[in-house]
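Q: I am new to this structure. Please take a close look at a single part of the model and walk me through it.

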Amino acid sequence: MKIRVGFGFDVHALVTGRDLWLGGVKIPHTLGLQGHSDADVLIHAICDALLGAANLRDIGYHFPDTAGKYKNIDSKILLARTMQLIREAGYELGNIDATIVAEQPKLNPHIPTMQATLATVLQVPTNDISLKATTTEHLGFTGRQEGISAYATVLIQKNSELPGPF
Ligand SMILES: [Zn+2]
């Protein structure tokens, strides 16, 4: 069995007049994330980690924000398409471990819903998706609530019996 690790990082600015989407879930908050898509920073970090693990470039390469068809798109669609690319390359997900960095709102109550949502989109067991939330103790742009960032690591694996490029 071949296993590969991938890493992803993303940031979006917090602004008024936008919904806050994280991990495919709409979170009640006074601010939302600015972006061409729904700006789901966690999903974008996971997509980049998956693509990186398979050496398939990055999310901007596959879903350019100059393409009008991706305007305000639900990032769950981008995640499903990304996982399809990973499977077409002959890989299956091992696990995801991700961290969201946000001063507000408190995210821990929403973690189980995000895990279940992502598991459904990826068609993997919920137990393979670990999500953590932290703050930066009021320091930096996340601490000043100017934005939210997310980090993700993933492991993908390929069984040697499966077809695909080696
Ligand atoms: Zn993004």
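A: This is a predicted model. Start with Y151. Its relative accessibility is 36%, so Y151 counts as partly exposed; the partly exposed range lies between the 20% and 50% limits. Y151 sits in strand 7, which covers residues 147-158. Together with F7, F9, V11 and F141, Y151 makes a nonpolar surface patch of about 450 Å². Strand 1 (residues 2-15) gives the largest share of that patch, three residues.

Now turn to helix 4. Q115 lies in this helix, which runs over residues 111-122. Q115 has 18% relative accessibility, so Q115 counts as buried; the cut-off for buried is under 20%. Setting aside neighbours within four places in sequence, Q115 is in contact with T126, I129, S130 and L131.

Q115 has buried company in helix 4: I111, M114, T117, L118, A119, V121 and L122 are also buried. What covers the buried residues of the helix? The cover includes helix 1 (41-53) and helix 3 (75-88). It also includes strand 2 (20-22), strand 3 (25-27), strand 5 (92-101) and strand 6 (129-134).

The length of helix 4 can be checked too. Its 12 residues, at 1.5 Å a residue, should span 16 Å. The end C-alpha atoms are 16 Å apart, so the two values agree. Just after helix 4 comes Q123, with a positive phi of about 55°.

Definitions and conventions: Residues numbered from 1 in each chain as written. Predicted model: local features only at pLDDT ≥ 70, side-chain atom pairs only at ≥ 80, totals over all residues. Heavy atoms only, no water. Helix = DSSP H or I, 4+ residues; strand = E, 2+ residues; numbered from the N terminus. Buried < 20%, exposed > 50% of the residue type's maximum accessible area, 1.4 Å probe, protein only. Contact = heavy atoms within 4.5 Å. Expected span 1.5 Å × (residues − 1). Patch = residues over 30% accessible without salt bridge, like charges linked within 9 Å, V, L, I, M, F, W, Y side chains within 5 Å. Areas by Shrake-Rupley, 256 points an atom, 1.4 Å probe, with all protein chains shown as cover. Salt bridge = Lys/Arg side-chain N within 4 Å of Asp/Glu carboxyl O.
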